[in-house]
Amino acid sequence: MVSIVQNPLSKHFCPFWYLMDRLWTDFVNSDYNDWRGGERSEDRIGKVSWQQQFLDRWQLRAPIPASTEDEVIMRRFRDDLHSLAIRLSAGTPLTDKEKAWLNGIMQVGGVIRQLISKEKGLEVIHVPIHSHWTQVMAEVAADFTITLVEGEGKRIRSCENPDCRWIFYDATRSRTQKYCDDKMCGNLMKVRRYRAQRKLDSNQLIAKSNRKESKLE
């Protein structure tokens with residue numbers, strides 16, 4: 001029996017729907033990079049703990065652990081979706097081939113609509129028919145397309161911390177958000193720039209001192 005779940009494709013599923021953490025960004029960011037530049041980077045798709053947390057968070061269902069074949073397919077889909085997000089963030093328009101690819105992913109994930117009662121009235125929800133990872137990828141693709149339809153592809157960002165590369169949606173009016181988190185990656189990059197400038201200034205002082213010494217000899 002298919003359980004009734006909140007529609008993961010609806011804006012109402014998350015009250016901060018345009019923040020960086022969406023269904024599709026959560027999936028794409030499963031290829032975790034240590035934002036501090038350490039060695040803690042890992043591909044989380046193959047981790048049972050990540051699979052369970054991902055399904056629980058977005059109220060989806062699929063076999064755990066995922067099969068080796070499913071993991072291979074999910075990694076390929078994730079990498080292709082990541083590349084598409086980066087291209088769109090650079091202002092590249094969505095091509096007919098890319099639309100067909102997204103439609104193909106979504107087509108294999110069936111949903112039914114159900115009318116339920118809520119505290120504030122009635123609501124129509126989408127309930128996934130299948131309980132497998134192909135359905136999960138269809139939901140991810142659908143959430144990505146909603147970002148494009150109701151948002152803007154150019155607002156998709158890859159964190160400018162080269163050790164992070166986290167994908168997020170820039171919801172600022174100025175469209176100038178550079179980092180996935182100003183307090184983490186933003187502050188880290190400020191410290192790096194500060195240290196780099198101090199090193200440059202120090203090197204310049206040493207070079208200037210050396211020139212003066214050479215003139216006196």
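Helices here are DSSP runs of type H or I with at least four residues, numbered from the N terminus. Keep that in mind as we walk through this predicted model, because the labels H2, H3 and H4 come from that numbering.

Let's start with helix H3, which runs over residues 68-89. H3 has 22 residues and spans 32 Å from its first C-alpha to its last, close to the 32 Å expected at 1.5 Å a residue. Just after H3 comes Gly91, whose phi is positive, at about 95°.

Now look around H3 rather than along it. Which residues in H3 are buried? They are Glu71, Met74, Phe77, Arg78, Leu81, Leu84, Ala85 and Leu88. These buried residues cover an arc of only 155° around the axis, which puts them on the same side of H3. A general rule about helices is useful here: an α-helix has 3.6 residues a turn, so residues three or four places apart point the same way. On the other side of H3, Thr68 and Glu69 are exposed.

Next, let's bring in a partner. Two packed helices are described by the angle between their axes and the distance between the axes. H3 packs with helix H4, residues 96-107, at an angle of about 140°, and the two axes are 12 Å apart. Angles over 145 degrees would count as roughly antiparallel, so H3 and H4 are described as oblique to each other. Their crossing is left-handed. Where the helices meet, H3 contributes Phe77, Asp80, Leu81, Leu84 and Arg87, while H4 contributes Glu98, Trp101, Leu102 and Ile105. Phe77, Leu81 and Leu84 are thus familiar names: they are also among the buried residues of H3.

Step back along the chain now, to the loop between helix H2 (48-58) and H3, where you will find Pro65. The peptide bond leading from Ile64 to Pro65 is cis, with omega near 5°. Gln59 lies in the loop between H2 and H3 as well. Gln59 has a positive phi of about 55°, although it is not a glycine. Is Gln59 buried, exposed or partly exposed? With a relative accessible area of 31%, Gln59 is partly exposed.

Finally, move past H4 to Gly109, in the loop between H4 and strand S3 (111-118). Gly109 has a relative accessible area of 17% and is buried, since buried means under 20%. Which residues does Gly109 touch, leaving aside its neighbours within four places in sequence? Gly109 is in contact with Gln135 and Ala138. The C-alpha atoms of Gly109 and Trp133 are separated by 9.5 Å, although these residues are 24 residues apart along the chain.

Notes. Residues are numbered from 1 along each chain as its sequence is written. This is a predicted model: local features need pLDDT of at least 70, side-chain atom pairs count only at pLDDT 80 or more; totals for chains, interfaces and linings use all residues. Side-chain values use heavy atoms; hydrogens and water are left out. Helices (H or I, at least four residues) and strands (E, at least two) are DSSP runs, numbered from the N terminus. The expected span of a helix is 1.5 Å times one less than its number of residues. Buried means under 20% relative accessible area, exposed over 50%, partly exposed in between (1.4 Å probe, protein chains only). The arc is that of the directions from the helix axis to the C-beta atoms. Axes are lines fitted to C-alpha atoms, for helices over the stretch in contact, and angles run from 0 to 180 degrees between N-to-C directions. Angles under 35 degrees count as roughly parallel, over 145 as roughly antiparallel, 65 to 115 as roughly perpendicular and the rest as oblique. A crossing is left-handed if the near helix is turned anticlockwise from the far one by less than a right angle, and right-handed if clockwise. Contact means heavy atoms within 4.5 Å.
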